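Please read the following walk through one protein model alongside its sequence and coordinates. The text goes from one residue outward to the rest of the chain.

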Amino acid sequence: PRGLENIGRMDVRNVLLALRHVASMTRALVASPGAMAYVPLAQNLLGVLRDAALVLPALLLRRRVVLHVHGSGLREFHDATNPVARALLRLLLRRATRVVVLGDSLRPMLTGITPAQRVAVLPNGVPDPFDGRAPARSRGPTLRLLCLGNVRRAKGYLDAIEAVRILRERGFDVVLDLAGGFSSDADRRECEAALAGMGEAVRLHGVVQGRRKRELFEQAHVFV
């Protein structure tokens, strides 16, 4: 895994990784007759070119292909990109056996691009980190909110910060733990501007994993 700042960038390591993955995918398909290809579909130009290289061997071998769209920006990318990339994206989507989206509200994103009967809904899910047991919540008067994800405008973190500002102005004892990586320097600057005057009301934790992530969930009363 590489950092968020490498998404959609043309650098030597990204290209070499893409070529290695294409070779691995092709070998796996040849070695496993009847296997299908599952590819999370990118929503940027370089990513779609890489994904097309992953899918092409499966199509040539007449294998089933499942494309998984992890996000809501595919239609926006489709409409804004150049005609060649748009045609390639439509080819991938129309030849796929299934195209998976994260929710029913995202089905219209694929209208006119891929047959509706091939679109399936599969919400994101993770294993229960508490094994069904309720974690011990933080005690005390402070209400703790947790917002965990990539720190960018589309995720709504600016709304969470503004909500905390309004609640504190109205006398509520509430803090926000904001965990995740910045997608760009512009996102970082926008976040810093939004935090002006917030003091300890909003705490930035950066990218968290493993035990630290679990601790933040255990401490939170509300997940935003």
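**From Leu74 outward**

Beyond its neighbours within four places in sequence, Leu74 is in contact with Leu41, Ala42, Gln43, Val69, Leu89, Leu93, Met109 and Leu110. The model that shows these contacts is predicted. Leu74 also belongs to the largest nonpolar core, a set of 28 residues, where it ranks with Leu41, Leu67 and Leu93 as those with the most contacts inside the core. At least two residues of this core come from each of the following elements: helix H1 (12–31), S1, H2, S2, helix H3 (74–80), helix H4 (83–95) and S3. The most is given by H2, which supplies six residues. Another core, apart from this one, has 18 residues, including Ile161, Val164, Leu176 and Leu195.

The strands named above lead to a sheet. The sheet is open and has four strands in the order S1-S2-S3-S4, with parallel pairing. Strand S1 (37–40) and strand S4 (119–121) are at the edges and have a single partner strand each, so one side of each lacks a neighbour in the sheet. On average, and with direction ignored, neighbouring strands of this sheet are turned by 25° against each other. Helix H2 (residues 45–60) packs on the sheet, where it touches S1 and S2, and its direction makes about 165° with that of S1. Within the sheet, strand S2 (residues 65–68) pairs with strand S3 (residues 98–101) in the parallel sense, over three bridges. Val66 has Arg98 in S3 as its bridge partner.

The loop between H3 and H4 holds Thr81. Is Thr81 buried or exposed? Its relative accessible area is 10%, and since buried means under 20%, Thr81 counts as buried. Not counting residues up to four places away in sequence, Thr81 touches Leu45 and Arg86.

Next comes a pair of helices. Two packed helices are described by the angle between their axes and by the distance between those axes. For helix H5 (residues 157–169) and helix H6 (residues 185–194), the angle is about 10° and the axes are 10 Å apart. Angles under 35 degrees count as roughly parallel, and H5 and H6 are therefore roughly parallel to each other. On the H5 side the contact is made by Tyr157, Leu158, Ile161 and Arg165, and on the H6 side by Asp187, Glu190, Cys191 and Ala194. Sorted by class, this contact of H5 with H6 has five nonpolar, three charged and no polar residues. Ile161 of H5, which takes part in this contact, is also among the residues of the core of 18.

Leu148 lies in strand S5 (residues 143–148). With a relative accessible area of 25%, Leu148 is partly exposed. Leaving aside neighbours within four places in sequence, its contacts are Ala179, Val208, Lys213, Phe217 and Phe223. Leu148 and His68 are 80 residues apart along the chain, and their C-alpha atoms are separated by 22 Å.

Some totals place these parts in the whole. The protein chain has seven helices and eight strands. Its C-alpha atoms fill a box of roughly 65 × 40 × 35 Å, taken along the principal axes. The chain has 224 residues, of which 35% count as buried. Among its contacts between residues at least 6 apart in sequence, 68% join residues at least 24 apart.

Key:
Residues are numbered from 1 along each chain as its sequence is written. This is a predicted model: local features need pLDDT of at least 70, side-chain atom pairs count only at pLDDT 80 or more; totals for chains, interfaces and linings use all residues. Side-chain values use heavy atoms; hydrogens and water are left out. Axes are lines fitted to C-alpha atoms, for helices over the stretch in contact, and angles run from 0 to 180 degrees between N-to-C directions. Angles under 35 degrees count as roughly parallel, over 145 as roughly antiparallel, 65 to 115 as roughly perpendicular and the rest as oblique. Contact means heavy atoms within 4.5 Å. Ala, Val, Leu, Ile, Met, Phe, Trp, Tyr, Cys and Pro count as nonpolar, Asp, Glu, Lys and Arg as charged, and the others, Gly among them, as polar. Two strands pair if DSSP finds at least two bridges between them. A nonpolar core is a set of buried Ala, Val, Leu, Ile, Met, Phe, Trp, Tyr and Cys residues joined through side-chain atoms within 4.5 Å. Buried means under 20% relative accessible area, exposed over 50%, partly exposed in between (1.4 Å probe, protein chains only).
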